[in-house]
Amino acid sequence: MPRIFRSFLYRLMALAIFASLATPIMASAQESGLPIPRFVALRSNKVFLRSGPGLRYPKVWIYQRRNMPMEVVSEFDTWRKVRDWEGSEGWVHQSLLVGSRHVIVTDDTITLYSAADENARKIALISANVIGKVEDCPASMNWCQLRFGDFEGWAPRQGFWGLYEDEQVEG
């Protein structure tokens, strides 16, 4: 076999080996195509937060609150790096997250009103750490319609975590 042909064959085999090794790495680094950062919520009452994107990484936290809002700050394959309202970060499998929008009360209390007006009838006082669902949050308003259990009403865009400033969420 001529030396030039043998050299070409070796280079072709090396390129094929390199391509086969690089392909899984590139495929696993693809993102979902959804915006980052973005808010999501926990799917169940028991979700493990891991130190890295895989089951081999240790559990660093166990969340025990369904619908807890989380902020996705990064993605790797089927894993999402999330941040909670207190700033803790770690990795959660995408199957344990849902796209429905929820908030958690961060002030001592927030007031729900019957309309987007502080002169409207007060419906309820919602305590700190209570999780509620976002029903409507027009970008043009400084108010959001929220549901906390049986109580649904409007609250100013302050005192809770799970929305970006001026973000629009339609229920």
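A polar contact is a pair of N or O atoms within 3.5 Å, where, within protein, one atom must be able to donate a hydrogen and the other to accept it. With that in mind, one can read the end of this chain, where the backbone nitrogen of tyrosine 164 lies 2.9 Å from a polar atom of the side chain of glutamate 167. The structure is a predicted model, and its chain holds one helix and 14 strands. This briefing begins with the chain as a whole and then turns to particular residues and strands.

**The chain as a whole**

- Of the 171 residues that make up the chain, 37% count as buried.
- The surface that the chain exposes comes to about 10,500 Å², and carbon and sulfur atoms supply 54% of that area.
- When contacts between residues at least 6 apart in sequence are considered, 55% of them join residues at least 24 apart.

**The β5–β6 hairpin and aspartate 84**

- Strands β5 and β6 run antiparallel and are joined by five bridges, and within this pairing arginine 83 stands opposite glutamate 89 in β6.
- The two strands form a hairpin with five residues between them, and in the turn glycine 87 has a positive phi of about 100 degrees.
- Aspartate 84 is found in the loop between β5, which covers residues 79–83, and β6, which covers residues 89–93.
- Although aspartate 84 is buried, it has no salt bridge, and the nearest side chain of opposite charge, that of arginine 83, is 7.5 Å away; because a salt bridge requires a side-chain nitrogen of Lys or Arg within 4 Å of a carboxyl oxygen of Asp or Glu, that separation does not qualify.
- The side chain of aspartate 84 does have polar partners, including the side chain of tyrosine 63, with which it makes a polar contact at 2.7 Å.
- Another polar atom close to this side chain belongs to the turn itself, where the backbone nitrogen of glycine 87 lies 3.0 Å from a polar atom of the aspartate 84 side chain.
- Leaving aside residues up to four places away in sequence, aspartate 84 touches Tyr63, Met70 and Trp161.

**Strand β8 and its partners**

- In a regular strand the side chains alternate between the two faces of the sheet.
- Strand β8, residues 102–105, has both of its faces covered, with His102 and Ile104 buried on one side and Val103 and Val105 buried on the other.
- β8 pairs with strand β11, residues 131–136, in the antiparallel sense over three bridges, and the bridge partner of isoleucine 104 in β11 is isoleucine 131.
- β8 also pairs with β14 in the antiparallel sense, here over two bridges, and in β14 it is tryptophan 161 that stands opposite isoleucine 104.
- Tryptophan 161 gives a link back to the hairpin loop, as Trp161 is among the residues that aspartate 84 touches.

**The segment after β14**

- Aspartate 166 lies in the segment after β14, and glutamate 167 is found in the segment after β14 (160–161) as well.
- Is glutamate 167 buried or exposed? Glutamate 167 has a relative accessible area of 18%, and it is therefore buried, since buried means under 20%.
- Aspartate 166, by contrast, has a relative accessible area of 53% and so counts as exposed, the cut-off for which is over 50%.
- Not counting residues up to four places away in sequence, glutamate 167 touches Phe39, Arg101, Cys137, Ala139 and Arg157, while aspartate 166 touches Ala139 and Arg157.
- The C-alpha atoms of aspartate 166 and alanine 139 are separated by 5.0 Å, even though these residues are 27 residues apart along the chain.

**Backbone details to look for**

- Aspartate 166 has a positive phi of about 65 degrees although it is not a glycine.
- Aspartate 77, in the loop between β4 (69–76) and β5, is another residue other than glycine with a positive phi, in this case near 55 degrees.
- Aspartate 77 has a relative accessible area of 39%, and it is therefore partly exposed, as this value falls between the 20% and 50% limits.
- A cis peptide bond, with omega about 0 degrees, joins isoleucine 36 and proline 37, and proline 37 is found in the loop between α1 (3–28) and β1 (38–42).

Note on methods. Residues are numbered from 1 along each chain as its sequence is written. This is a predicted model: local features need pLDDT of at least 70, side-chain atom pairs count only at pLDDT 80 or more; totals for chains, interfaces and linings use all residues. Side-chain values use heavy atoms; hydrogens and water are left out. Helices (H or I, at least four residues) and strands (E, at least two) are DSSP runs, numbered from the N terminus. Buried means under 20% relative accessible area, exposed over 50%, partly exposed in between (1.4 Å probe, protein chains only). Lys and Arg count as positive and Asp and Glu as negative; His and the chain ends are not counted. Contact means heavy atoms within 4.5 Å. Accessible areas come from the Shrake-Rupley method with a 1.4 Å probe; for residues, only the protein chains shown count as cover. Two strands pair if DSSP finds at least two bridges between them.
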